[in-house]
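Welcome! Here are some exercises to work through at your own pace, each followed by a worked solution. Have the sequence and the structure open as you go.

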Amino acid sequence: MSNESTHFIRARIEADRAAGRWGGRVATRFPPEPNGYLHIGHAKAICLNFGLAAEYGGTCNLRFDDTNPETEDPEFVDNILADVRWLGFEPTAVFYASDYFAQLYAWAEQLVRDGKAYVDDQSMEAIRANRGTVTEPGTPSPWRDRSVDDNLALLRQMKAGDFPDGSRVLRARIDMAHPNMKMRDPLMYRIRHAHHYRTGDAWCIYPMYDWAHGQSDAIEGITHSICTLEFDVNRELYDWFTAALGFAEPPNQLEFARLNLTSTVMSKRFFKRIVADGFVDGWDDPRMPTLAGLRRRGVPAEALRAFAERVGVAKANSVVDLGLFEFTIRDVLNHQARRRMGVLDPLEVVLTNWPQGQVTPLEAADFPADVGLPGSRTVPMSGRVFIERSDFAVDPPDGWRRLRPGGEVRLRYGYVIRCDEVVEGPDGQIAQLRCSVDLDTLGKGTAGRKVKGVIHWVSADHAVPAEVRLYDRLFTTDEPGAGTGDYLADLNPNTLSVKAAFLEPSVTADAPGVRYQLERHGYVYRAPEDADRGLVFNRIVGLKDTFGAKEERDARDDGDDAEVPAPAVVDPRAQAEAQARIKAQARLDHFTAHPEAEEAFQELVTAGASDDEAWTVASDPRLVALVRGAAGIADIGAVARWIANTLVAEARDRGLDALPFDGAALGRLVALVEAGTLNARLGKQVLAELLDKGGDPKAIAEAHGWIQVSDTDALGSAVAAVMAGAPDEVARYKAGEKKLLGFFMGQVMAATGGKANPGLVRTMLQQALDA
RNA sequence: UGGGGCGUCGCCAAGUGGCAAGGCACCGGGUUUUGGCCCCGGCAUUCGCAGGUUCGAAUCCUGCCGCCCCAGCCA
């Protein structure tokens, strides 16, 4: 199926393995808090963590992040474990953060002894107020500089239960003015005289998430701690704690975007609300996006896994079309679910020329030929059948392939029938169809006339009654609450439709838990939960319905043609001018405070640098020194251009301090490029090495043989060779695909080790190609 | 607004200096005893915008715009 893409987490793991980090080990974990049921969003995280571990021969633990005694419940522990197993994963080990409380506490004392944590007596309100805001720094607590001994004594008293809830906390001593709010002396412990479902009353102080999580990862030897995007601000703190404790090879946190689906809300608050309001029957209601709900609905675990793979893993917030999930379910079930016939809304059909009292067993394959799976069952045929009411129309629309007065249609796996008479009931509704059957059409085509329509049916005398429940999505819009902010207002009032259906009798042979495709309807599941009520089926998902979709579209097109507002047009020239003004003003402001920068700026502009380039260099004294060092060696404008466009990027990782070369060396490099000894690419390579080890540009170039080739004979043969090796591309180019010039350029440059004179090659290539 | 993250087709998503992958959706056509499945073809002269560097830019530089996250003793 999908050849799994190398998303950024896989790429990171592979890089780590290549670098030999953690001895090449891969250890992940899935860390739910046991305070609710898992939903389809969690399925993505589960598949990611367990999948990656399996892929790299690693381990994946299930760890309950149970650090908050007030919200957690053992009921959820069991259900979460069941959900994970149902999804098809077996944890390497099942752990609980609460098992680490003693270790965590010991480490907390260590941080106190190291002066890296302190007990704060401020009230919750005071702590909040003193945290500052995103734009203002916080103010240090008056208790921030207590002695180690006092802190230790107080922490022990906290642990011993000497203080009431909320009276004191333990905080990490980091920086109350830190730009990252998470780093402003974050809380490590709070006092809660609460009963924990696992540790009982052993503790009255409980660790906060940030304090517990990374350390729990470290205890378990996790290598890649994968979490969702909103925790990326926590990573700095995660790293601070593991560094403060001095772990040799601390785990790394990686964040990916959580799954969002159209027409779906995934929050515990929402789930609780609709369960409490009776909108659905419980957390495991088949309409719920919880794993329990999806399982009860009949969605196979394999579909969840395939879906997780299909949506990908990235860092961009996104909303996946619910249709993709439905497609994935069908894709999986198409090859698993045997076909059966069932009529949800019956219309009686009497076959007027059927031999009186005869019952004919018809063989029907379990799967159509294209699926290619074996098996069959027999379907009894008699003189009175039910067909779907929607498969008959007195006045059908264009393109109708089903039954109509006087029209013909094939009964699936059976005969062709013709509608001779429509019998109306007293209410004017169609009560019965009287049809004639062509007994010569079983298993063969129809001579001379084409019958396009095939409809499903059941023998009225043999069909078994069953309940089939059709579910609709929970919301009427793709983006619940988009306009109003109140997603409850967009709840779909009609999410359940219970059908008194008639199914072919063979379904009684299967036990609850089976999935069928009810032909032309969709996939259904006989939920074990409802087994005691007889034949009860949930429709998992409908079949793709191109005819119905078209009709719907036609109906909509007849309605209002909403005017699409024209996008605001931005005049590029105006934007460029506005930008120039903004930049100029920023420079002016900077120059007022730094007159020496203005001096350098003017100097560079005079020497021929553009304003932007001059500004980039002038705003950093280290760059100014560099460019001045090149004076008299190369054109100053060119040097400024190299610094602004290339050096800045190349030096980004290592920083600008203590460069292993001076301005003169840079000047000599630029001069080599100016003289044509090096082309731009070669120049960049030399610069990279200069940055790495220093040295003389010319010597570096010569040592590698990096000298630009401008010899037309040598270049000519390279061009010819490339063209000879790519006849298809040459033909396409000649046919007008001029953009392929870049492809040829790349080939020639690669063939010459990047040494060719690109301007020359381009000209020669064009000549040769246009010849 | 301080810090951080992210902008590639209607929705996801590859791509990290050399021909804009793939899937869903959509539009044609073929096949069909499921208006399903399957098959073939069409779907981004352009990567948030604007300048610049380069022979060559989605990718490098500069600026701007937009969306998301952080001010729980929740996780």
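A residue is called buried when its relative accessible area is under 20%, exposed when it is over 50%, and partly exposed in between, using a 1.4 Å probe and protein chains only. This is a predicted model, in which local features need pLDDT of at least 70, side-chain atom pairs count only at pLDDT 80 or more, and totals for chains, interfaces and linings use all residues. Residues are numbered from 1 along each chain as its sequence is written, chains are lettered from A and ligands numbered from 1 in the order in which they are written, and side-chain values use heavy atoms, with hydrogens and water left out.

**Exercise 1. Find Arg144, decide whether it is buried or exposed, and list its contacts beyond its sequence neighbours.**

Step 1. Helices (H or I, at least four residues) and strands (E, at least two) are DSSP runs, numbered from the N terminus. Arg144 sits in the loop that joins α5 (124–130) to α6 (148–160).

Step 2. Arg144 is buried because its relative accessibility is 13%.

Step 3. Contact means heavy atoms within 4.5 Å. Neighbours within four places in sequence aside, Arg144 touches Tyr118, Arg173, Ile174, Asp175, Met176 and Asp185.

**Exercise 2. Which backbone oxygen does the side chain of Arg171 reach?**

Step 1. Locate Arg171 in strand β5 (residues 169–172).

Step 2. With a relative accessible area of 1%, Arg171 is buried.

Step 3. A polar contact is a pair of N or O atoms within 3.5 Å; within protein, one must be able to donate a hydrogen and the other to accept it, and residues adjacent in sequence count only if both atoms are side-chain atoms. The partner of the Arg171 side chain is the backbone oxygen of Asp185, at 2.7 Å. Asp185 is also among the contacts of Arg144.

**Exercise 3. Place Leu344 and name its contacts away from its sequence neighbours.**

Step 1. Look in the loop between β11 (342–343) and β12 (346–351), where Leu344 is found.

Step 2. Leu344 has a relative accessible area of 9%, so it is buried.

Step 3. Beyond neighbours within four places in sequence, Leu344 contacts Glu388, Val468, Leu470, Lys499, Ala500, Ala501 and His521.

Step 4. Now check a distance: the C-alpha atoms of Leu344 and Ile387 are 8.8 Å from each other, with their positions 43 residues apart along the chain.

**Exercise 4. What is the sign of phi at Ser263, and where does Tyr413 lie?**

Step 1. Ser263 is not a glycine, yet its phi is positive, at about 60°. Ser263 belongs to the loop between β9 (252–256) and α9 (268–276), and it is buried at 4% relative accessibility.

Step 2. Tyr413 also has a positive phi, near 65°. Tyr413 is in the loop between β16 (408–411) and β17 (416–424), and 18% relative accessibility makes it buried.

**Exercise 5. Describe how α14 packs with α15, and α16 with α17.**

Step 1. Two packed helices are described by the angle between their axes and the distance between the axes. Axes are lines fitted to C-alpha atoms, for helices over the stretch in contact, and angles run from 0 to 180 degrees between N-to-C directions.

Step 2. Helices α14 (residues 572–593) and α15 (residues 595–606) have axes that come within 5 Å and cross at roughly 125°.

Step 3. Angles under 35 degrees count as roughly parallel, over 145 as roughly antiparallel, 65 to 115 as roughly perpendicular and the rest as oblique. The pair α14 and α15 is therefore oblique.

Step 4. On the α14 side, the contact uses Arg587, His590, Phe591, Thr592 and Ala593, and on the α15 side Pro595, Ala597, Glu598 and Phe601.

Step 5. For α16 (residues 611–618) and α17 (residues 621–629), the angle is about 110° and the axes are 6 Å apart. These two helices are therefore roughly perpendicular. Thr616, Val617 and Ala618 of α16 meet Leu623, Val624 and Val627 of α17.

**Exercise 6. Which atoms of RNA strand B pair with Arg402 and Ala644?**

Step 1. For Arg402, a polar side-chain atom lies 2.6 Å from a base nitrogen of RNA strand B.

Step 2. For Ala644, a polar backbone atom is 2.9 Å from a sugar or linking oxygen of RNA strand B.
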